[in-house]
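Reader: Hi! I'm new to reading protein structures, and I'd like a close look at one part of this one. Could you walk me through a single spot and then show me how the rest fits around it?

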Amino acid sequence: RMSNVLIRIYDKAKERGYDDPELHWIRCELQLKDTNALGFVQKLKNNDLQAVYLGVLSNYLSFRVPTNDSNKRRWPVAEWWDNFINDAVRLSVWSKPGVEYNLSVCERYVMTQPIGSIKTLIAIHGKEGFFRAIQEAPPSKNPKYKQ
């Protein structure tokens with residue numbers, strides 16, 4: 001329940017108290033939160049609701065028929081699930097949360113990620129040689145550094 005994606009599949013007829021074995025009323029609910037909900041809405045801009053709904057379900061869930069193969073991904077998809085999904089194209093609604101890029105983020109990155117390489121180059125070329133190489137390096141094409 002804490003996840004940004006929750007899928008519920010249940011027998012709605014049974015929940016409502018119907019005893020008719022001929023009544024087929026299975027419900028499949030998709031509950032999305034936060035960035036996943038926003039991603040779903042973004043996908044609706046270029047696709048219809050059914051395509052997005054089935055695509056997201058297909059991305060997160062698959063029912064397969066067990067075989068002797070130890071790799072479950074090679075098991076065949078259950079026919080009833082294939083019929084329900086109806087050849088939907090898998091869609092991911094997840095997106096990496098945005099991080100504001102600023103001087104603090106830049107400094108934290110430089111002092112943790114490449115620091116070993118920086119120290120090695122300074123030890124080999126000296127501070128002056130290292131700084132000269134930095135000054136002669138082509139400018140970054142990433143707009144976040146210009147910002």
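Author: Happy to! Helices and strands here are DSSP runs of at least four and at least two residues, numbered from the N terminus. With that in hand, let's look at tyrosine 18 in this predicted model. Tyrosine 18 sits in the loop that links helix H1 (12-16) and strand E2 (26-32). Is tyrosine 18 buried or exposed? Its relative accessibility is 49%, so tyrosine 18 counts as partly exposed, because that class lies between the 20% and 50% cut-offs. Together with Leu23 and Trp25, Tyr18 makes a nonpolar surface patch of about 300 Å².

Now for the inside. In soluble globular proteins, nonpolar side chains tend to be buried together. Here, the largest nonpolar core is made of seven residues: Val5, Leu32, Phe40, Val52, Val56, Leu91 and Val93. A second, separate core has six residues, among them Cys28, Leu54, Leu57 and Ala78. Back in the largest core, phenylalanine 40 touches several residues beyond its neighbours within four places in sequence, including Leu30, Leu49, Tyr53 and Val93.

Finally, step back to the whole chain. It has seven helices and two strands, in the order β-α-β-α-α-α-α-α-α from the N terminus. Of its 147 residues, 16% count as buried. The radius of gyration of the protein chain is 26 Å, whereas a compact globule of 147 residues would have one near 15 Å. Its C-alpha trace spans about 85 × 40 × 30 Å along the principal axes.

Note on methods. Residues numbered from 1 in each chain as written. Predicted model: local features only at pLDDT ≥ 70, side-chain atom pairs only at ≥ 80, totals over all residues. Heavy atoms only, no water. Patch = residues over 30% accessible without salt bridge, like charges linked within 9 Å, V, L, I, M, F, W, Y side chains within 5 Å. Areas by Shrake-Rupley, 256 points an atom, 1.4 Å probe, with all protein chains shown as cover. Salt bridge = Lys/Arg side-chain N within 4 Å of Asp/Glu carboxyl O. Buried < 20%, exposed > 50% of the residue type's maximum accessible area, 1.4 Å probe, protein only. Core = buried A, V, L, I, M, F, W, Y, C linked by side-chain atoms within 4.5 Å. Contact = heavy atoms within 4.5 Å. Rg over C-alpha atoms; globule rule 2.2 N^0.38 Å.
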